[in-house]
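Here's a guided walk through a protein model, taken one piece at a time. Keep the picture open and look for each spot as we come to it.

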Amino acid sequence: MKTNNRIKWMISLSFILFIPSTNIAQNAGQAPQTNYAQMVDTRIGSKGNGLSCGFTYIGASYPFGMMQFTPSFFSPQKGIVVNQMSGSGCPHMGNFPVLPISGKVTKSPKNMEDFPTYKGIREATAGCLSLQMKDDVICDVTVSKRSGIARFIFPVDKKEGTILIGAGVSSTTLSNAYIKITSPSSCEGYAEGGDFCGYKTDYRIFFAAEFNHKAKEYGTWKGNSIREDRKQIGGVQSGGYFTFDTEQSASVEYKIAISYVSVENAKENLRMDNENRNY
């Protein structure tokens, strides 16, 4: 009996101690809590060479989320990738890089190695990254638990803008890949392979992606070959491209979700994470 009374007393005391403190804060009219995410500078540890560098990534991530939407530390010229470990001193992952470029694509991007690295970082906080590319395209990215959203803002004096998506491209060597353009505003696929510090780390990762409006032209590439209207391609050094009329709308939104199980699961992640959600 005494034990039960003691338990009841402890519960009542906990309730009394907790509730008034909440009410006092509300009644005192205190300012909203500090947004600590805005105080995080994700550039810390991202510069330097060798052991003097933290090998951190600058992009957006979600607490315990699946994606790290960021330029790869080891291949920033390829654009924004979907997976990256922070603090790892060897190339790894870096799957499905997406890269906006002004104008049309005139030759095969191959392994996407020949593009310039972004010009500068406009903003880098927890959950948000904004970059200015070399051709003055603005690239804003953020994430949810299993997917990412990017907004590409093309220069107003350009009539067209192209977005590249590397399927058979990553920060390390792949063994196989596949991409299928399912409509003028969507695509899906997978990649296999990878390594870390010279050791194979074979895994398969799937993706599903969509844009907020239709492209005027689209196609795929593999190696040195690029072909408009070809809707699917497999193999390494492959990918898809979408060219938009940026004279009518300079901004293009891109959503991508991933899964380590199947394309269907990636589609489901895209749907669940992004209903009524825009950048």
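Let's start with the cysteines in this predicted model. Cys53 is buried, with a relative accessibility of 7%. Cys187 is buried too, at 2%.

Now, which cysteines form a disulfide? They are Cys90 and Cys197, and their sulfur atoms sit 1.8 Å apart. A disulfide is a covalent bond between the sulfur atoms of two cysteines. The count for this model comes to one disulfide. The link between Cys90 and Cys197 is right-handed, with 95° about the S-S bond. It ties distant parts of the chain to each other: Cys90 belongs to the loop between strand S3 (80-81) and strand S4 (98-102), while Cys197 belongs to the loop between S11 and S12, 107 residues apart. Are the two ends buried or exposed, or in between? Cys90 counts as buried, because its relative accessibility of 18% is under the 20% cut-off. Cys197 is partly exposed, with a relative accessible area of 38%.

Cys197 also takes us to a hairpin. S11 and S12 form it with two residues between them, and Cys197, in the turn, has a positive phi of about 55°. The two strands run antiparallel and are joined by 10 bridges. Along that pairing, Glu192 stands opposite Arg204 in S12. Their side chains meet as well, in a salt bridge of 2.0 Å from N to O. This pair links distant parts of the chain, with Arg204 in strand S12 and Glu192 in strand S11, 12 residues apart. Glu192 counts as buried at 18% relative accessibility, whereas Arg204 is partly exposed, with a relative accessible area of 37%.

Step back from the hairpin and you'll find the sheet it belongs to. How many strands form this open sheet? Nine do, in the order S5-S6-S7-S8-S17-S12-S11-S10-S15, and the pairing is antiparallel. At the edges stand strand S5 (120-125) and strand S15 (232-234); each has a single partner strand, so one side of each is left without a neighbour in the sheet. From one strand to the next, the twist averages 15°.

Have a look at the S5 edge. Five bridges join S5 to strand S6 (residues 128-132), and these two run antiparallel. Gly120, for instance, has Gln132 in S6 as its bridge partner. Elsewhere in the sheet, S12 and S17 pair in the antiparallel sense over six bridges. One of the matches there is Ala209, whose bridge partner in S17 is Ile256.

Just after S12, find Asn212, which lies in the loop between S12 and strand S13 (217-222). Asn212 is partly exposed, at 44% relative accessibility. What does Asn212 contact once its neighbours within four places in sequence are left aside? Those contacts are Val252 and Glu253. Asn212 and Glu253 are 41 residues apart along the chain, yet their C-alpha atoms are separated by 5.4 Å. The side chain of Asn212 reaches the backbone nitrogen of Glu253 at 3.0 Å. There's also a polar contact of 3.2 Å between the side chains of Asn212 and His213.

Our last stop is a helix and its charged side chains. Helix H2 is made of residues 263-274, and two salt bridges to look at there are Glu264 with Lys267 and Glu268 with Arg271. For Glu264 and Lys267, the closest N and O atoms are 3.6 Å apart. Both residues lie in helix H2, three residues apart, about one turn of the helix. Glu264 counts as exposed at 53% relative accessibility, while Lys267 is partly exposed at 34%.

Glu268 and Arg271 meet at 2.9 Å, N to O. They too lie in helix H2, three residues apart, about one turn of the helix. Glu268 is partly exposed, with a relative accessible area of 35%, and Arg271 is partly exposed at 39%. Away from those pairs, salt bridges that share partners join Arg122, Asp140 and Arg151 into one network. A search of the whole structure finds 11 salt bridges.

How values were computed: Residues are numbered from 1 along each chain as its sequence is written. This is a predicted model: local features need pLDDT of at least 70, side-chain atom pairs count only at pLDDT 80 or more; totals for chains, interfaces and linings use all residues. Side-chain values use heavy atoms; hydrogens and water are left out. Two strands pair if DSSP finds at least two bridges between them. Helices (H or I, at least four residues) and strands (E, at least two) are DSSP runs, numbered from the N terminus. Axes are lines fitted to C-alpha atoms, for helices over the stretch in contact, and angles run from 0 to 180 degrees between N-to-C directions. Contact means heavy atoms within 4.5 Å. A salt bridge is a side-chain nitrogen of Lys or Arg within 4 Å of a carboxyl oxygen of Asp or Glu. Buried means under 20% relative accessible area, exposed over 50%, partly exposed in between (1.4 Å probe, protein chains only). A polar contact is a pair of N or O atoms within 3.5 Å; within protein, one must be able to donate a hydrogen and the other to accept it, and residues adjacent in sequence count only if both atoms are side-chain atoms. A disulfide is a pair of cysteine sulfur atoms within 2.5 Å.
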